[in-house]
Amino acid sequence: IGASRNGEWVGSCKWSDISVFSFHPVKIITTAEGGIALTNDKDLCLKMQILRSHGITRDPDFMQTIPEGAWCYEQIDLGYNYRMSDMQAALGLSQLNRLDEFVNKRNEIAMRYDYLLQNLPVQRPKILPENISSFHLYVIRLNIKIIKKTYSEVFNFLRENGIGVNMHYKPVHLQPYYKRLGFSKNMFLESEKYSEEAISLPIYPGLTEQKQKAIILILKKALK
């Protein structure tokens, strides 16, 4: 959320029937948990509204019998309990008001990472000129041949020195569920190569320039 391509917002549903955003605590904005589904289709919107609350409606236009009063409702579909709580929604709305602030700050941090990493044996994220990233993640790829260290050695060194790096994500086809479906190693070589090189560096609006420089200093030690 907050990203765009050629001036069009990601998630606008220009190219899709429905788009979704996660509001997990580590995302651009948060409702503590949960997310949102967006659509420009009135029928799909109505369907999702019905399904999110047990398939129940209080709208007389969709009820099969004339309601006797405001207490009446009908279950017209087999739905779920996918409602966001009022407190979560209030948190999300307050965060939404700061979306531009968060995205601008993340881009500022990403640009500083780009500068600090330019002489290190890593590949930085590439953003096309027509795109604006919201930088949910800042992922580098290690040049393993140059640094002559294993992925585990670099990753563990960073973690042991207090840097909260992570790997996003392991190839789906190597997960146990998909292996049971017949997928196996060497079927998707680029995604496997990526998982042997990719490290997500910390990025969040409160990350200071001083902390960023400290992260890079420890990364340099890890790569030696």
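Is E8 buried or exposed, or something in between? I looked this up first and found that E8 is partly exposed, because its relative accessible area is 28%, where buried means under 20%, exposed over 50% and partly exposed in between (1.4 Å probe, protein chains only).

Before going on, I noted that this is a predicted model, in which local features need pLDDT of at least 70 and side-chain atom pairs count only at pLDDT 80 or more, while totals for chains, interfaces and linings use all residues. I also noted that residues are numbered from 1 along each chain as its sequence is written, and that side-chain values use heavy atoms, with hydrogens and water left out.

**Salt bridges**

I looked for salt bridges (a side-chain nitrogen of Lys or Arg within 4 Å of a carboxyl oxygen of Asp or Glu), and the count comes to eleven. E8 forms one of them with K14, and their closest N and O atoms are 2.6 Å apart.

I then turned to R5 and E130, whose side chains meet in a salt bridge at 3.4 Å, N to O. This pair links distant parts of the chain, with R5 in strand 1 (residues 4–5) and E130 125 residues away in the loop between strand 7 (122–123) and strand 8; helices (H or I, at least four residues) and strands (E, at least two) are DSSP runs, numbered from the N terminus. R5 counts as partly exposed because its relative accessibility is 41%, and E130 counts as partly exposed at 30%.

R141 forms a salt bridge with E197, the closest N and O atoms being 2.9 Å apart. R141 lies in strand 9 and E197 in the loop between helix 7 and strand 10, 56 residues apart. I found R141 buried, and E197 is buried too. Salt bridges that share partners join R141, E190, K193 and E197 into one network.

**Nonpolar cores**

Next I looked up the nonpolar cores (sets of buried Ala, Val, Leu, Ile, Met, Phe, Trp, Tyr and Cys residues joined through side-chain atoms within 4.5 Å). The largest has 29 residues, and Y138 is among those with the most contacts inside it. Helix 8 (209–223) is one of the elements that each supply at least two residues of this core, and the largest share, six residues, comes from helix 8. A second, separate core of seven residues includes I28, I29, L99 and V103.

Leaving aside residues up to four places away in sequence, Y138 touches ten listed partners, including A110, Y113, L117 and I199, where contact means heavy atoms within 4.5 Å.
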